[in-house]
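Biologist: Got a minute to go through this one with me? Pull it up and let's start with how the chains meet.

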Amino acid sequence: MSGAAGGVASVGRVQLKLRKTLKGHLAKIYAMHWSADSRQMVSASQDGKLLVWDCFTGNKLVAVPLKSAWVMSVAFAPSGNLVASGGLDNICTVYNIKAASPKTLRELDAHTGYLSCCRFLSDSEIITASDKLKRPQTIMFTNHIGDCMSLALSPDMNTFISGACDSLAKLWDVRDGACKQTFSGHTSDINAIAFFPSGNAVITGSDDCSCKMYDLRSDQEVIGYQDTSLNAGVTSLALSSSGRLIFAGYDDFNCHIWDSLKGEKVGVLSGHDNRVSCTGVPDDGMGVCTGSWDSFLKLWN
Amino acid sequence: MSTTNNIAQARKLVEQLRIEAGIERIKVKTTVFCHVCVSKAAADLMSYCEQHARSDPLLVGVPTSENPFKDKKPCIIL
């Protein structure tokens, strides 16, 4: 792919500025997720709280106290009315944040392992990843051998991809629960996974310090993103709206920016004092948010 | 007892591999030196990026006046 992209214009050095630092959490931030309105964002910290932020003003809108502080994942429902979180309690809890004070709506507790990731299909359906992936109604996706660490929904919501500690990425059909494709190549846990915006490729980030792009239709890896100077595992990743830029958070406290077509590092977001644990780009692509174990969230564009 | 489990697991694995083998693949031909011989897959990804590049705020930059995340400084009356 990098050979094929030889003729594509370079993006040059990508230099984004830190626009806001969101302070409020008292402990490591483990997860964040943008709302579909590209303005609100929810973050989860092991201080035992979910915070919903207005990223235009930097204000905290809602604070949701968690029963269990060991949270690993958080998700915003497309409607903006609900958020969900889960972690070492093995439970996915759904909260109504539009109520006068945040109300626990449902507790989905049929997981046998910790909840590493969750994503809403709608206000009434959520996909959760634990040692097994499941959709609470009927379908259990039991194909990963190792713990599933991350999942991402396709743009058309018909499929989703999962990355696991068995170093494999798998593509699943949302409706019939079948595993359609499996992608190998990483040599360690896949911690982060995202769809290329066209829906035809997926990007993975792993503890083996590399990211990879797999093309779905040709069923293979088309490019790897690694650098000998980068010896830290990838914890999270997000793509810019055109898919050209990959923002990958690493254990080295930075978020490195990759040119997805040419496979080159084109920038870095530095400023966190600890591991970058989560990264997200809102639907309108206006910026990128990084969350860290240093308890801060930073907005860049 | 464990042999039965192994057989059941192996059966499941074979079934899964059968499903995956049945998927139609488009061929990827990537050559390092020949810019003319691009695979359809790589070409599609490149064309998507190109089409959407102009509307990607993180690529083209966000004008200060329209930047929703930028802190707005209050006006000071001297």
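Modeller: Sure. A:Arg217 and B:Asp44 pair up through their side chains in a salt bridge, at 2.4 Å from N to O. Keep in mind that this is a predicted model.

Biologist: How many salt bridges cross between chain B and chain A?

Modeller: The rule finds 2 across that interface. Over all chains, the count comes to 12 salt bridges.

Biologist: And how many residue pairs are in polar contact between the two chains?

Modeller: There are 8 such pairs between chain B and chain A, counting residues at pLDDT 80 or more on both sides.

Biologist: Which helices of chain B supply the side that touches chain A?

Modeller: α1 (2-21), α2 (40-53) and α3 (57-60) of chain B each put in at least two residues. The largest share comes from α2(B), with 10 residues.

Biologist: What's the mix of nonpolar, polar and charged on that side of chain B?

Modeller: It divides into 19 nonpolar, 7 polar and 9 charged residues.

Biologist: OK, and how much area do the chains bury between them?

Modeller: About 3,300 Å², with 65% of it on carbon and sulfur atoms. On the chain B side, B:Leu45, B:Leu58 and B:Phe69 supply 26% of the area buried against chain A, more than any other three residues. As for contacts, 35 residues of chain B touch 48 residues of chain A.

Biologist: Switching to chain A. Where does the UniProt record put its WD repeats?

Modeller: The annotation "repeat: WD", from an unreviewed entry, covers residues 22-63, 141-182, 183-224 and 269-301 of chain A.

Biologist: What do residues 22-63 look like, in helix and strand terms?

Modeller: That span of chain A is 0% helix and 57% strand, and its end C-alpha atoms lie 14 Å apart. For residues 183-224 of chain A, the figures are 0% helix and 55% strand, with the end C-alpha atoms 13 Å apart.

Biologist: Do β4 and β5 of chain A run parallel or antiparallel?

Modeller: Antiparallel: β4 (residues 49-54) and β5 (residues 59-65) of chain A are joined by 6 bridges. A:Asp54 sits opposite A:Asn59 in β5(A). The hairpin has 4 residues between the strands, and A:Gly58 there takes a positive phi near 85 degrees.

Biologist: Which side chain does A:Asp54 meet in a salt bridge?

Modeller: The side chain of A:Arg39, at 2.7 Å from N to O. A:Asp54 is in strand β4 of chain A while A:Arg39 is in the loop between β2 (29-34) and β3 (40-45) of chain A, so the pair ties together parts 15 residues apart in sequence.

Biologist: Last one: how many residues does the hairpin between β8(A) and β9(A) go through?

Modeller: That hairpin uses 6 residues to join β8(A) to β9(A). The strands, β8 (residues 92-96) and β9 (residues 103-108) of chain A, run antiparallel with 5 bridges, and A:Cys92 stands opposite A:Leu108 in β9(A).

How values were computed
Residues numbered from 1 in each chain as written. Chains lettered and ligands numbered in written order. Predicted model: local features only at pLDDT ≥ 70, side-chain atom pairs only at ≥ 80, totals over all residues. Heavy atoms only, no water. Contact = heavy atoms within 4.5 Å. Buried area = accessible area lost by both parts, 1.4 Å probe. Salt bridge = Lys/Arg side-chain N within 4 Å of Asp/Glu carboxyl O. Polar contact = N/O pair within 3.5 Å; in protein donor to acceptor, adjacent residues only side chain to side chain. Nonpolar A, V, L, I, M, F, W, Y, C, P; charged D, E, K, R; others polar. UniProt positions renumbered as here; feature names shortened; annotations may be inferred. Pairing = 2+ DSSP bridges.
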